[in-house]
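Student: Please take me through the helix packing, the aromatic pairs and the enclosed spaces of the following structure.

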Amino acid sequence: MSDGAGRNGVNSAKGHGSPLTAKALLHADLPKRPSTVGSSIIQTQWNTRHLSSRTASDAASAACAAGLVAPLITILDRGIIENASGRSPLLTSISTSFRALFTRPHTFLASRPFRLISLVYFSTYFVANSIDTISSTLTPSPIAHTTSGPSKFLATSSVNMSLCLYKDSQFAQMFGAAATCRNPIPKASYALFALRDCLTVFASFNLPPVVAPLLSDKLEKVASKASVAQILVPAAMQVVSTPLHLWGLDLYNRPAASTSERIRQVGRNWVGSTAARMGRIVPAFGFGGVINSKVRRRLMTALEEPAVE
């Protein structure tokens, strides 16, 4: 625009009784920038739809899974510890506990060992579910979305480890060697139990989503690859983690034993205890994980349906 045209524009504006100030002229000459505030708000908006119902669904699916797997885990955990301490052979302890479950179920389900196991696995499943809900809220993502990142591993392993350490100390004192049942648990035992639980949680919540795509597509005719990985991976990890468990128990049961004696003791109990721990891990993080995931997915999908209509 030439100077003359600019002056004419100003004079014309004055002639129509609409005086333009210098500030108004300055803003009139600048090109307008498109606003990005609206899009920024949309991008950072949290998905809080049905948040209280989603949290209740997390708890309900965790309770469902924990309630189904806790009886068997209680029986196997007691059997492993009584066998390692020499109190009772593994199969004898397991058969005795099953007899108590079927003949006096009210007593078994109200017992302290069962309540401890239920607490461990309800809390573990609930925290894992809560991490998924938090992730789908902050991202935002579909409310049935699941994660497998480090935050989930850290949260679930912290809760599972702390509760399992407490549970193991109580089980060792209830079912360990009679001569040491009132002794405190050695710190080295706690460290071995913690390492054992880290391996188990990692194999239960983080590895299955990684392993599942590597499995053969032929498995889909029988079960989903995700379900197969959820069952097989935690079970396979017990080959590595069971010696840690047995060594920690032996430190408690036989404080004065030599390293060579501990190696022989762990070797004697390794095969049977590994099979028993596979038997408890498959329901705990295999079937239990599948039940927890499927119940949660169904509940979350039901919450999403009104939004789709």
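Student: Is the crossing of α4 and α7 left-handed or right-handed?

Tutor: This is a predicted model, in which local features need pLDDT of at least 70 and side-chain atom pairs pLDDT 80 or more, while totals for chains, interfaces and linings use all residues. Residues are numbered from 1 along each chain as its sequence is written, and side-chain values use heavy atoms, without hydrogens and water. A crossing is left-handed if the near helix is turned anticlockwise from the far one by less than a right angle, and right-handed if clockwise. By that rule, the crossing of α4 and α7 is right-handed.

Student: Which class of residue has 17 members in the contact of α4 with α7?

Tutor: Ala, Val, Leu, Ile, Met, Phe, Trp, Tyr, Cys and Pro count as nonpolar, Asp, Glu, Lys and Arg as charged, and the others, Gly among them, as polar. In the contact of α4 with α7, nine residues are polar and three are charged. The class with 17 residues is nonpolar.

Student: At what angle do α4 and α7 pack?

Tutor: Helices are DSSP runs (H or I, at least four residues), numbered from the N terminus; α7 covers residues 112-138. Axes are lines fitted to C-alpha atoms over the stretch in contact, and angles run from 0 to 180 degrees between N-to-C directions. The axes of α4 and α7 lie 7 Å apart, and the angle is about 150 degrees.

Student: How are the planes of Y121 and Y125 arranged?

Tutor: Both residues lie in helix α7, four residues apart, about one turn of the helix. Rings of Phe, Tyr and Trp (its six-membered ring) pair if their centres lie within 6.5 Å; planes under 30 degrees apart count as stacked, over 60 as edge-to-face and the rest as tilted. For Y121 and Y125, the centres are 6.4 Å apart and the planes stand at 45 degrees, and the pair is tilted.

Student: Why does Y125 count as buried?

Tutor: Buried means under 20% relative accessible area, exposed over 50%, and partly exposed in between (1.4 Å probe, protein chains only). Its partner Y121 is buried, with a relative accessible area of 2%. Y125 counts as buried because its relative accessibility is 0%.

Student: Which residue forms an aromatic pair with F108?

Tutor: The whole structure holds five aromatic pairs. In the pair of F108, the centres are 6.0 Å apart with 55 degrees between the planes, a tilted arrangement. F108 and its partner are both buried. The partner is F114.

Student: What is the volume of the second largest pocket?

Tutor: On a 1 Å grid over the protein atoms alone, a cavity is a set of points where a 1.4 Å probe fits but cannot get out, and a pocket is an open set with protein on both sides within 12 Å along at least five of seven lines; lining residues have an atom within 4 Å of a point. Points are joined across faces, edges and corners, and a volume is the space filled by probe spheres set on them. The lining of this pocket includes F108, T74 and F175. The volume of the second largest pocket is about 200 Å³.

Student: Which helix gives the most to the lining of the second largest cavity?

Tutor: The second largest cavity holds about 40 Å³ of space. A84, L246, L249, D250, Q265 and N269 line this cavity. α10 (225-253) and α11 each supply at least two of these residues. With three residues, the helix that gives the most is α10.

Notes: Helix = DSSP H or I, 4+ residues; strand = E, 2+ residues; numbered from the N terminus.
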